[in-house]
Amino acid sequence: SFFNEREMPKQARVRMLQEINNDKRIRMLVLETRPEFVTDSVMAQTKALVPDLHVEVAMGLETMDDRNRIISVNKGLTLKQYEQAIRTLRKPDLYPRTYVLLKPPFFSEKEGIDEAIRTTAHVFNAGTATVSLEACTYQKYTLTEYLIDRGLTQLPKLWSIIEVVKKTHHLGKLLIGLFQFYPSPEHV
């Protein structure tokens, strides 16, 4: 989380942004954080340090349903916190990017598709500039690994990604994620 001072000290964050601003080859910057670290003062400072860049601040909402997010993803944030962060990001002309998870644990294929469509529509309406649709993957030492290994759930199908894209691409900038992330998924 780029704005969590326990992970990224303020001095390091400021210096990195200054260096990025001085490199005229860079035109766009994507930073990841959690909603609780999106404050008026830090976002204003960020915009001031990189005034000419298109800056997207990415946050993982995963699903708009608080109960599902707690049970399936254990995310530790509420939709209200996310929506407040979106409003805060928009004030200094920063661009929110939202991660939406397709088919978290405990979702059927249809439920996963429907929730991803519903969440994508909601976050665009709330003011996000970009949605990154992330299909659930198999990672070692996770609940998903446990459930898949016991035949209790399956990863989303390719057609599910296509279905969500068909129903939401007209809403705004939609990216399909998970192609260059680390650790790489064990199964695709």
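**Close-up 1. Ile20 and its neighbours.** Setting aside residues up to four places away in sequence, Ile20 touches Ile26, Leu29, Val50 and Leu53. This is a predicted model, and here we are looking at a residue of helix 1. Ile20 has a relative accessible area of 16%, and since buried means under 20%, it makes the cut. Take Val50 from that list of contacts: Ile20 and Val50 sit 30 residues apart along the sequence, yet their C-alpha atoms are 7.5 Å apart in space.

**Close-up 2. Helix 1 against helix 2.** A pair of packed helices is described by the angle between the axes and the distance between them. For helix 1 (residues 10-22) and helix 2 (residues 40-49), the axes come within 9 Å and cross at roughly 30°. Angles under 35 degrees count as roughly parallel, so that label fits helix 1 and helix 2. On the helix 1 side, the contact is made by Lys10, Arg13, Val14, Leu17, Gln18 and Asn21. Helix 2 brings Val42, Gln45, Thr46 and Leu49 to the contact. By character, the residues of this contact split into four nonpolar, four polar and two charged.

**Close-up 3. The open sheet.** Five strands line up in the order 1-2-3-4-5 to form an open sheet, with parallel pairing. Strand 1 (28-32) and strand 5 (173-176) are the edge strands; each has a single partner strand, so one side of each has no neighbour in the sheet. From one strand to the next, the twist averages 25°. Helix 5 (residues 109-126) packs on this sheet, touching strand 2 (54-62), strand 3, strand 4 and strand 5. The direction of helix 5 makes about 170° with that of strand 3.

**Close-up 4. Strand 1 at the edge.** Side chains alternate along strand 1. Leu29 and Leu31 point to one face and are buried, while Met28, Val30 and Glu32 point to the other face and are not buried. Leu29 has already turned up here, among the residues touched by Ile20. Strand 1 runs parallel to strand 2, and five bridges join them. Across that pairing, Leu31 stands opposite Val57 in strand 2.

**Close-up 5. Val57 in strand 2.** How accessible is Val57, a residue of strand 2, in relative terms? The figure is 0%, so Val57 counts as buried. Leaving out residues up to four places away in sequence, Val57 touches Phe3, Leu31, Thr33, Leu89, Leu94, Tyr95, Pro96 and Arg97. Thr98 makes a handy reference point too: Val57 and Thr98 are 41 residues apart in sequence, with 8.3 Å between their C-alpha atoms.

**Close-up 6. Strand 3 and its two partners.** Seven of the eight residues of strand 3 are buried, so this strand is largely enclosed by the rest of the structure. Strand 2 and strand 3 pair in the parallel sense over six bridges. Strand 3 (residues 95-102) also pairs in the parallel sense with strand 4 (residues 130-135), again over six bridges. Follow Arg97 in strand 3 to see both pairings: Ala58 stands opposite Arg97, and Arg97 in turn stands opposite Thr130 in strand 4. Next along, Thr98 has Val131 of strand 4 as its bridge partner.

**Close-up 7. Leu133 in the nonpolar core.** Which members of the largest nonpolar core touch the most other members? Out of 39 residues, they are Val55, Tyr82 and Leu133. Here is Leu133 with its contacts, residues up to four places away in sequence not counted: Val100, Leu102, Ala116, Ile161, Val164, Val165, Leu174, Leu175, Ile176 and Gly177.

**Close-up 8. Two residues with positive phi.** Most residues other than glycine have a negative phi. Glu62 has a positive phi near 70°, and Asp93 likewise has a positive phi near 70°. Where do Glu62 and Asp93 lie? Glu62 is in strand 2, whereas Asp93 belongs to the loop between helix 4 (79-90) and strand 3. Buried or partly exposed? Glu62 counts as buried at 11% relative accessibility, while Asp93 is partly exposed, with a relative accessible area of 39%.

Notes. Residues numbered from 1 in each chain as written. Predicted model: local features only at pLDDT ≥ 70, side-chain atom pairs only at ≥ 80, totals over all residues. Heavy atoms only, no water. Core = buried A, V, L, I, M, F, W, Y, C linked by side-chain atoms within 4.5 Å. Buried < 20%, exposed > 50% of the residue type's maximum accessible area, 1.4 Å probe, protein only. Contact = heavy atoms within 4.5 Å. Pairing = 2+ DSSP bridges. Helix = DSSP H or I, 4+ residues; strand = E, 2+ residues; numbered from the N terminus. Axes fitted to C-alpha atoms, helices over the stretch in contact; angles between N-to-C directions. Parallel < 35°, antiparallel > 145°, perpendicular 65-115°, else oblique. Nonpolar A, V, L, I, M, F, W, Y, C, P; charged D, E, K, R; others polar.
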